[in-house]
Amino acid sequence: MPESTIAISTSCILSLEMPYSEQLCIRRTVYRGGDGPRAAIVAGIHGDELEGLYVCHLLADWLEQMARENPAGLAGTVELYPAMNPLGLDTLTRAIPVFDTDLNRNFPGSPNGDLPKRIAHAAIENLSGAALVVDIHASNIYLREIPQVRINTDFADSLVPLAQRLNLDLIWLHGAMTVLEATVAHSLNSVGTPCLVVEMGVGMRITPDYCRQVMSGILTLWKDLGVLAPDVELPPLNHLPLIADDSNVHYLNAPTSGLFVPVIEHWTDVRKGQLLGNIVSPLQGGILAEVRSPVDGILFTLREYPLVYEGSLMARVMARKGRLA
Ligand SMILES: [Zn+2]
């Protein structure tokens, strides 16, 4: 038996000439162990979302330690794509600069289209056929989200069992009517490559605890799927997800403009009528509006950016189905 090793390589899945002769490279790192299944992590589709970049770093660090200490532990191949939208990341822009388009509305893309379409096409070409793709998003800069996976009900039968092993706090099932078809996840799931969309934290920030939580779930799933060898030791999962869907998620939108000041921590159990925060004015004393929970439940989205316009989303509360009946 030859001694096993992990081959580590970095390459561009797409290289494009820029107008001033610079090269745009969609970069990935590949860890190749045995002949087992292939798994991929995608991040940085939105240039203002950094949580997934840190998860990629944590996984890279873990895999490099495996390469030194237990190379036989990697039974398959892992691909990390931390920056699908490098122009956006470099310029702190959610969309793809110049084209001003959301990369996640350009899938499955086209090899002859404009730059966003070519990035999307290269991504699908390389990700298709993987045993699992996890596409990691942060929230935007306005809202803080608990680590969760969002699943189109069309794919729930195959994806929910995977998502339950991802060490998340929430699985949010979305009805077919509200699903966007031009996303990387929809494109991959439509061709039979399972893709889980993780949302967590807040835009332009990293939340190290959330990143480590999701990392341990990813490792567990990789082991389940045979990407990692059965004898690799992992810590037990310490989060079990609640299930949300269109029937038990309540949106709290601002009744008036002002500064939203929460009086409660994110991811807290709340009672119907409980005060969650106040909207106040920078010009006067007193309270413009009180924000109260409409149901018994758990506060899983909380506004991070205080300025609100009338109608702005401030929070989401998930009713606990069992308790409400
Ligand atoms: Zn995103």
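Here is a short walk through this predicted model, from its zinc site to its strands and one of its helices.

Let's start at the metal. Which residues hold the zinc ion? His46 and His137 each give their ND1 atom, and Glu49 appears twice through OE, with distances of 2.0 to 2.3 Å. Now picture the angles between these donors. In the ideal case, four tetrahedral donors would sit at 109.5 degrees from one another. Here the angles among the four donor atoms run from 58 to 154°, which makes the arrangement irregular. To count as tetrahedral, all angles would have to lie between 85 and 135 degrees.

Next, find the donors along the chain, where their spacing reads H-x2-E-x87-H. Histidine 46 sits in the loop between β3 (38-43) and α1 (51-69), while histidine 137 belongs to strand β5 (residues 132-138), so the two together tie parts that are 91 residues apart in sequence. Are these two histidines buried or exposed? Both histidine 46 and histidine 137 are buried.

From the loop after β3, we can move on to β4 (residues 77-81), a strand in which five of five residues are buried. In a regular strand, side chains alternate between the two faces of the sheet. You can follow this in β4: Thr77, Glu79 and Tyr81 are on one side, Val78 and Leu80 are on the other, and all of them are buried.

What does β4 pair with? One partner is strand β2 (residues 23-32), which runs antiparallel to β4 over four bridges; here tyrosine 31 stands opposite valine 78. Another partner is β3, which is parallel to β4 over five bridges, and alanine 40 has glutamate 79 as its bridge partner. Between β3 and β4 the chain passes through α1, making a right-handed β-α-β crossover.

Now look at helix α4 (residues 156-163), where the buried residues are Ala156, Leu159, Val160, Leu162 and Ala163. Viewed down the helix axis, these buried residues fall within an arc of 160°, so they line one face of α4. Among the elements covering them are β5, the strand that carries histidine 137, as well as β6 (143-152) and α6 (208-225).

Our last stop is an open sheet of four strands in the order β14-β13-β11-β16, with antiparallel pairing. Its edges are β14 (289-292) and β16 (307-308), each of which pairs on one side only. Strand β11 (residues 258-262) is joined to β16 by two bridges, and in this pair leucine 259 has leucine 307 as its bridge partner.

Terms used:
Residues numbered from 1 in each chain as written. Predicted model: local features only at pLDDT ≥ 70, side-chain atom pairs only at ≥ 80, totals over all residues. Heavy atoms only, no water. Donors = N, O, S within 2.8 Å, 3.2 Å for Na, K, Ca; no water. Tetrahedral: all angles 85-135°; square planar, octahedral: opposite > 155°, others 65-115°. Buried < 20%, exposed > 50% of the residue type's maximum accessible area, 1.4 Å probe, protein only. Arc of directions from axis to C-beta. Contact = heavy atoms within 4.5 Å. Pairing = 2+ DSSP bridges. Right-handed = clockwise from strand over helix to strand, strands pointing away.
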